[in-house]
Amino acid sequence: MKARLILLALLLVLSGCKDEHILEQTGFIRTIAYDSASDEDKNLLRVTISIPKSNHKDAIVYSTASKSDKNAKMYFSRQNNRKLVNGQLRQVLFGEKLAEKGIWKHLDSLIRDPSIGSRLHIIVAETDPHHLLQRNDYPQGPTAGEYIDALIRTESSNGEIPNSDLYSFSRDYYDDGIDPVTTILKEQKESLMINGIALFDGDRFVGKIRPDDRMYFGLLHHNVKAGDLYIDLKKNHDDGEQAALQFLSSRRKVEILSAKGLANNKQLKASLHIQLEGSLLEYIGDLDMKKQADQRKLEREMRDAIQAKCESLLHMMQMKHSDALGIGQYVRNKIPYETWSKLDWKKVYADADISVQVHVRIKDYGKLLH
């Protein structure tokens with residue numbers, strides 16, 4: 001019995017040494033970036049990968065122009081003294097020009113790889129993704145990959161940007177009633193920043209939600225659990241009347257008002273109802289927050305301002321033919337599938353009359369001096 005226990009212990013030790021040996025010979029790709037190689041040869045793809053070193057402070061960056069990402073990885077393998085694997089892949093960056101042409105064929109190869117998890121971030125880079133990954137002087141993080149990962153996760157947890165991982169993108173891409181969205185990343189002199197939300201028509205990047213409008217898009221797109229919203233209460237921003245709702249939560253409801261006539265080319269009518277509440281911790285204006293009548297007036301002003309902004313964003317998405325809010329899903333559930341399958345949904349969506357109804361409730365007004 002004692003001899004068996006000793007043998008079992010030796011086997012465990014030996015197997016541990018073998019695993020350690022494998023890890024030492026493995027290069028874990030953290031980030032992949034795709035972009036158009038050059039304007040002269042549009043058939044070539046520029047592929048860049050980032051591999052963190054064992055000290056977690058530096059990264060090895062390889063880049064090449066290739067006809068496909070698979071050919072690029074074979075080229076990288078000939079330069080690296082480790083076996084390259086995708087098991088720790090955390091983000092995939094696409095340059096704007098390439099994203100405008102379509103990104104699904106590149107994502108499809110990643111989905112087919114069983115070693116890649118579905119939670120990796122899909123990102124559109126407004127600046128050169130190759131240069132973004134080559135930098136190692138970001139004060140916010142030791143490597144670009146770790147910095148990007150922490151940045152995206154922090155913003156997603158606040159509810160200001162929707163999930164833009166591989167699972168969410170592929171789910172919405174295959175669903176004919178909604179279009180996917182991703183995060184837009186911009187490089188600055190000393191940092192990276194979230195610079196809006198990328199709108200897609202299928203797999204093509206077609207438009208952008210500006211960074212200041214992220215929370216308004218969040219109200220339209222999903223239920224917000226916690227967030228902050230800064231509101232200009234007048235059309236002329238120079239007059240200085242503004243308010244800030246913090247600890248905001250919201251619920252949205254999509255109502256299809258007329259769908260039965262779509263088979264006869266009648267206009268679709270729909271309405272988005274948004275209920276939100278939050279704490280008023282900042283207000284700049286002439287109203288007196290100690291007076292109940294002024295409190296109700298402020299709620300109405302905030303409602304009108306939020307409603308106007310949301311309708312403006314919705315109309316822009318209709319012009320871009322990007323159904324990022326999933327209106328098509330609700331229409332599809334209202335009509336027979338045979339009717340839905342015959343619709344030119346993008347045309348119906350672009351011509352639809354979609355209104356936004358907002359209800360605002362201020363939970364508290366912070367500390368008020370009497």
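**Exercises on strand pairing and burial**

In this predicted model, L245 stands opposite L280 in β13.

**Exercise 1.** Find which strands L245 and L280 join, and place them in their sheet.

Solution. Start from the ranges: β12 covers residues 242-258 and β13 covers residues 269-284. These two strands run antiparallel and are joined by 14 bridges. Next, take the whole sheet: four strands form an open sheet in the order β11-β12-β13-β14, and the pairing is mixed. β11 (229-232) and β14 (353-364) are the edge strands; each has a single partner strand, so one side of each lacks a neighbour in the sheet. On average, with direction ignored, neighbouring strands here are turned by 40 degrees against each other.

**Exercise 2.** Which helix lies across β11, β12, β13 and β14, and at about what angle does it run to β14?

Solution. The helix is α9, residues 292-319. Its angle to β14 is about 145 degrees.

**Exercise 3.** Determine whether strand β7 is enclosed or open to its surroundings, and name its partners.

Solution. Take burial as under 20% relative accessible area. By that cut-off, five of the five residues of β7 (residues 121-125) are buried, so the strand is largely enclosed by the rest of the structure. Then sort the residues by direction. In a regular strand, side chains alternate between the two faces of the sheet. In β7, H121, I123 and A125 point one way, while I122 and V124 point the other way.

Now list the pairings. β6 (residues 91-95) runs parallel to β7 and is joined to it by five bridges; V92 stands opposite I122. β8 (residues 181-187) also runs parallel to β7, with three bridges, and V124 has I184 as its bridge partner there.

Methods
Residues are numbered from 1 along each chain as its sequence is written. This is a predicted model: local features need pLDDT of at least 70, side-chain atom pairs count only at pLDDT 80 or more; totals for chains, interfaces and linings use all residues. Side-chain values use heavy atoms; hydrogens and water are left out. Two strands pair if DSSP finds at least two bridges between them. Axes are lines fitted to C-alpha atoms, for helices over the stretch in contact, and angles run from 0 to 180 degrees between N-to-C directions. Contact means heavy atoms within 4.5 Å. Buried means under 20% relative accessible area, exposed over 50%, partly exposed in between (1.4 Å probe, protein chains only).
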